[in-house]
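User: I'd like to go through this structure piece by piece. Can you take my questions one at a time?

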Amino acid sequence: MRTLLLTGPGGTGRTTVAAATALKAAREGTRTLLLGTDRDDTLGAVLGVPTGPAPTPVPVAPNLTAWRPDAAQGFRDALAALQDRAASALDLLGASRLDPEELTPLPGADDLALLRALREAALAEAHDLLVVDLPPAPRALALLAAPEELRRSLRRLLPPERQAARALRPVLGRLAGVPMPAEALYQATARWELELAAAEAVLADRNTTVRLVAEPGPAGADAVRATTLGLALRGLRTDLLVANRVLPEDVPADSWLGGPLAQQRKTLEEWQGTYDVHAVAHLGRDPRGTDDLAALDVPGVNPAASPVEWPVTDRLAEDGVLVWHIPLPGAVREELDLVRRGDELVVAAGPFRRTVPLPSALRRCTVDGAALREDTLAVRFAPDPGLWPRGR
């Protein structure tokens, strides 16, 4: 299954473009699932069909199903299951259980619901294409980073190797005369690890791409530049930049639209020199229903996107170093920071930060320097004589 994730600055018609893209694919015969993320049914307003916590029982159009996961219900179900699993510990503490009806979702519940929906859609294999209307760019970048960051935190807090002594916990519990919650904790951690790994696998899959939607203008240009850098640091594939709500060229020179049109022209020229841009004309109204969506000239879904690679170049013979190339389009040298921490490298670019494991060969090296050239960060590693195999 191919997965297309759409994001961009807020208020640029991202949901409309996502719906039009899904409708176009469905009309071409592709079994398509359109996944929405807003608590308000903005997706249903665009489609002209209400959407909710279950896939639409009747397709929005032939081959097109819409789904907007309910974060509140998912949160209540998850907490109820957690209370059931921790019943003995709660009874020991004298704690009273919470009723599902009194619960409201915590911050971040929407993002977790979306990640769970991504995993379920991929595992179901009921569709050929999944189109996801992600939240606006800053929140979308945090959401896309969540599976990797949460898995890393779980491994640091509860290393798998510590489970070797779990067979002793029942004995310790009987000796102490009280229930031992550690086993349940490790079981819960294993479930979280499995779910997060499945969501991360969907995002990292070679058939998953990100498409940016923005309205050409100064604010849109700044947002696209920052979002592109954040996606690159995560190693996520991007295919197109959709310039949405583009004004017609035949606007009279004395019209009040002359100023916005000039701004759009300037931004489009800049984008076309940097990105693969597809312009979508302004309809003159807010699109509503499948007829309006079909009138939008949105791009189709590419059959495959070029994979993002962070190659290691062997320059041992020439310079005595290995060079790790990390593409960071739009990065500024003064806003870059690198920290080596054991077998990991912490890379900070502007407001974004990521901790990445070093390739096996580089773990036996020391950092020898770094340089940013042509939107690529080149980090040099010199072999550590005490760790590097002899004769290599």
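User: In what order do the 4 strands of the open sheet run?

Analyst: Keep in mind that this is a predicted model. The sheet is open and its strands pair in the antiparallel sense. Averaged over neighbours and ignoring direction, the strands are turned by 25° against each other. Reading across the sheet, the order is β8-β9-β14-β13.

User: Which strands stand at the edges of that sheet?

Analyst: An edge strand here has a single partner strand, so one side of it is left without a neighbour in the sheet. With the order β8-β9-β14-β13, the ones that fit are β8 (312-315) and β13 (365-373).

User: And what is the bridge partner of W324 in β14?

Analyst: Start from the strands: β9 covers residues 321-327 and β14 covers residues 376-383. They pair in the antiparallel sense over 6 bridges. In β14, the residue bridged to W324 is V379.

User: Now the helices. Is α9 roughly parallel or roughly antiparallel to α10?

Analyst: Helix α9 spans residues 218-233 and helix α10 spans residues 258-272, with axes 9 Å apart. They pack at an angle of about 25°. Angles under 35 degrees count as roughly parallel, so α9 to α10 comes out as roughly parallel.

User: How many charged residues are there in the contact of α9 with α10?

Analyst: From α9 you get P218, G220, A221 and V224, and these meet Q263, T267 and W271 in α10. Sorted by type, the contact has 4 nonpolar and 3 polar residues. As for charged ones, there are no charged residues.

User: Let's look at T56. Is T56 buried or exposed?

Analyst: T56 sits in the loop between α2 (42-47) and β3 (64-67). Leaving aside neighbours within four places in sequence, T56 is in contact with P50, T65 and A66. Its relative accessible area is 8%, and the cut-off for buried is under 20%, so T56 is buried.

User: What share of the residues of the protein count as buried?

Analyst: The protein has 12 helices and 14 strands, and its exposed area is about 20400 Å², with carbon and sulfur atoms supplying 54% of that. Of its 392 residues, the share that counts as buried is 42%.

User: Last one: what share of the contacts with a separation of 6 or more comes from residues 24 or more positions apart?

Analyst: Here you take the contacts in the protein with a separation of 6 or more as the whole. The share from residues 24 or more positions apart is then 68%.

Terms used: Residues are numbered from 1 along each chain as its sequence is written. This is a predicted model: local features need pLDDT of at least 70, side-chain atom pairs count only at pLDDT 80 or more; totals for chains, interfaces and linings use all residues. Side-chain values use heavy atoms; hydrogens and water are left out. Axes are lines fitted to C-alpha atoms, for helices over the stretch in contact, and angles run from 0 to 180 degrees between N-to-C directions. Helices (H or I, at least four residues) and strands (E, at least two) are DSSP runs, numbered from the N terminus. Angles under 35 degrees count as roughly parallel, over 145 as roughly antiparallel, 65 to 115 as roughly perpendicular and the rest as oblique. Contact means heavy atoms within 4.5 Å. Ala, Val, Leu, Ile, Met, Phe, Trp, Tyr, Cys and Pro count as nonpolar, Asp, Glu, Lys and Arg as charged, and the others, Gly among them, as polar. Two strands pair if DSSP finds at least two bridges between them. Buried means under 20% relative accessible area, exposed over 50%, partly exposed in between (1.4 Å probe, protein chains only). Accessible areas come from the Shrake-Rupley method with a 1.4 Å probe; for residues, only the protein chains shown count as cover.
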